[in-house]
Amino acid sequence: MGLFKLKGFPGTGNFRHGIHPPDNKHLSNESKVEVMETPETVTLPLLQHLGVPCKQIVEARQLVSYGEMIGKGEAFVSASLHAPIAGIIKKNVMVTLPNGRHLPAISIQASGDQIAPQRLWDEMRSKEWPRDCISIYDPFTIVKLIHSSGVVGLGGAAFPTHVKVTPNDTRMIDTLMINGCECEPYLTCDYRLMIEAPRAIVAGALLTARAVSAREIVICVEDNKPEAVKKLKEATEQTVIKIAVLKTKYPQGSEKQLIKSVIGLEIPLGGLPSDVGVAMSNVGTMATVARGLIKESPLTHRVISVSGRGIKHPKNLFVPIGISIADVIDFCGGLTPDAARVVAGGPMMGFSFSDFNTPVTKGTSGITVLTHDEIKSEEETSCIRCGRCVDACPMNLVPTRLALAARYNNPSIASQYHIHACFECGCCSYVCPAKINLVQLIRAGKKLATASQKF
Ligand code: SF4
Ligand code: SF4
């Protein structure tokens, strides 16, 4: 595990296995967040979170104002949708998201008075976020307001936040961990948020800790982000919040690895952070919680990174949910002549896509554009049984077995080797000298194993 030491926490600041890919964050980490103006249209899929789709509550040709609820999350594991722009509801459309899901969506044509997006961003990065008024919110009210604001995890998973923070008599939460690791290469949206809006993150963390009755609050950041650590230390002065500075390693930001690094506890196979007394949320989610409660402003905008050598001007942007990726790419000067692959998210866990009309959703943390040089020499050869994929897997799985089970349609072997414990980090594919796309095979194997469990 090397010489790295984490002071003041039971964990070591590190976890077993994992990899060290080039982080390429220098392409965009110095770019201050820029605000995109209101687009002509936005398209909002009814399912942009984990769980049940929300129910459309507006009709075609209806006028909506900024922030109005347009889709209601009626099931417990669902999230409501709010209009990011004022406008007229167009007829329903279908969209295909980068992960291949084909979904009904609400489209809004901009019309009428718009809220200035710059005002929303200025509010977020203000130094005036209160800490002393937190105690006026009781835990029940905090959960209710998080629910009605449509907040989901902004780190990529898009799990509805109110579900995570609803009190549960059988699982007591001791520690709230705020994830600011952002270990995916290229992505810098969380980094910029920690530098530019640390006080909103702190206000959201204090509110969320109150909802779950956590004794400890820890913001976790990797040691390649010293400027973010400095800003967070200043913003958390005279609060109970601690900062854990962790070893830079992929995938340090995944829940299980982060809990092991900081608290030293292992989540049992198939278990949740709450099984070891932890609630975890991302820094962007915390800033959104603060806006939802203190400014009564629902989740309508987010910060994303647009980076990679295939984009002319890498940037960090504050954008309305539902803006098309084509608009975002245009704002960054377009693609370079050698752009070869556009990925929603980062290159390790993201999804390649080619339909640029697809919208930014609540869970879109960034767009990464890779060049021909970066994706060349991907021709697959035979497995040489080197074991590198096993050595890299942070979940101690045997990726080569899982991939074989998927390739030969054998769901029972896949389940026997715990295919559902794989969280698709991509470490195995990254290290494989035979260029076998193990994670893609495992993804298909998981679908196969799930389908076989239904019969
Ligand atoms: S098997 Fe899954 S969890 Fe393990 S390295 Fe591969 S993608 Fe990551
Ligand atoms: S890393 Fe690739 S070549 Fe090596 S054992 Fe795993 S699948 Fe085979």
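**Exercise 1. The pairing of E16 and E17**

Find how strands E16 and E17 pair in this predicted model, and place them in their sheet.

Solution.
Step 1. Strand E16 covers residues 339–344 and pairs with E17 in the antiparallel sense, over three bridges.
Step 2. For one position along this pair, take Val342, which stands opposite Phe353 in E17.
Step 3. Now place the pair in the sheet. Six strands form an open sheet, and their order is E1-E15-E14-E18-E16-E17. The pairing in this sheet is mixed.
Step 4. Look at the edges. Strand E1 (33–35) and strand E17 (351–353) each have a single partner strand, so one side of each has no neighbour in the sheet.
Step 5. From one strand to the next, the twist averages 30°.

**Exercise 2. Helices against the six-stranded sheet**

Which strands does helix H1 lie across, and at what angle does it run to E1? Treat helix H4 in a similar way.

Solution.
Step 1. Helix H1, residues 117–124, lies across E1, strand E14 (301–307) and strand E15 (315–320). The angle between H1 and E1 is about 150°.
Step 2. Helix H4, residues 189–196, packs on the sheet and touches E1, E14, E15 and strand E18 (366–371). The direction of H4 makes about 125° with that of E14.

**Exercise 3. The setting of Gly308**

Decide whether Gly308 is buried or exposed, and describe its surroundings.

Solution.
Step 1. Locate the residue: Gly308 sits in the loop between E14 and E15.
Step 2. Count its neighbours. There are 27 other C-beta atoms within 10 Å of Gly308. The cut-off for a buried residue is 20 or more, so Gly308 is buried.
Step 3. Leave out residues up to four places away in sequence; the contacts of Gly308 are then Tyr186, Pro314, Thr368, Val369 and Leu370.
Step 4. Compare sequence with space. Ser28 and Gly308 are 280 residues apart in sequence, and their C-alpha atoms are 8.5 Å apart.

**Exercise 4. A three-stranded sheet**

Which strands stand at the edges of the sheet E3-E5-E6, and which residues are bridge partners in it?

Solution.
Step 1. The sheet is open, has three strands in the order E3-E5-E6, and is paired in the antiparallel sense.
Step 2. Strand E3 (55–56) and strand E6 (81–82) stand at the edges; each has a single partner strand, so one side of each is left without a neighbour in the sheet.
Step 3. E3 and E5 run antiparallel and are joined by two bridges. Here Lys55 has Lys72 in E5 as its bridge partner.
Step 4. Strand E5, residues 69–72, also pairs with E6 in the antiparallel sense over two bridges. Here Gly71 has Leu81 in E6 as its bridge partner.

**Exercise 5. The enclosure of E13**

Why is strand E13 described as largely enclosed by the rest of the structure?

Solution.
Step 1. Strand E13 spans residues 278–282, and five of its five residues are buried, so the strand is largely enclosed by the rest of the structure.
Step 2. Check each face. Val278, Met280 and Asn282 are buried on one side, and Ala279 and Ser281 are buried on the other. Both faces of E13 are therefore covered.
Step 3. Find the pairing. Strand E10 (residues 175–179) runs parallel to E13, and five bridges join the two. Ile178 has Ser281 in E13 as its bridge partner.

**Exercise 6. The two ligand shells**

How many residues surround ligand 1, and how many are around ligand 2? Give the classes of residue in each shell.

Solution.
Step 1. Ligand 1 is surrounded by 16 residues, the closest being Cys393, Cys422, Cys425, Cys427 and Cys428.
Step 2. By class, this shell has 14 nonpolar residues, one polar and one charged.
Step 3. Helix H12 (399–407), helix H14 (427–431) and helix H15 (438–453) each supply at least two residues of the shell around ligand 1. The largest share, three residues, comes from H15.
Step 4. Around ligand 2 there are 14 residues, of which Cys383, Cys386, Cys389, Cys432 and Ala434 come nearest. The shell of ligand 2 has ten nonpolar, two polar and two charged residues.

**Exercise 7. The whole chain**

Compare the radius of gyration of the protein chain with that of a compact globule.

Solution.
Step 1. For 455 residues, a compact globule would have a radius of gyration near 23 Å.
Step 2. The protein chain has 21 Å, which agrees.
Step 3. The C-alpha trace spans about 60 × 50 × 50 Å along its principal axes.
Step 4. Of the 455 residues, 50% count as buried.
Step 5. The secondary structure comes to 15 helices and 18 strands.

Technical notes
Residues numbered from 1 in each chain as written. Chains lettered and ligands numbered in written order. Predicted model: local features only at pLDDT ≥ 70, side-chain atom pairs only at ≥ 80, totals over all residues. Near = placed C-beta within 6 Å. Helix = DSSP H or I, 4+ residues; strand = E, 2+ residues; numbered from the N terminus. Nonpolar A, V, L, I, M, F, W, Y, C, P; charged D, E, K, R; others polar. Pairing = 2+ DSSP bridges. Axes fitted to C-alpha atoms, helices over the stretch in contact; angles between N-to-C directions. Contact = placed C-beta atoms within 7 Å. Buried ≥ 20, exposed ≤ 12 C-beta atoms within 10 Å, placed from the backbone. Rg over C-alpha atoms; globule rule 2.2 N^0.38 Å.
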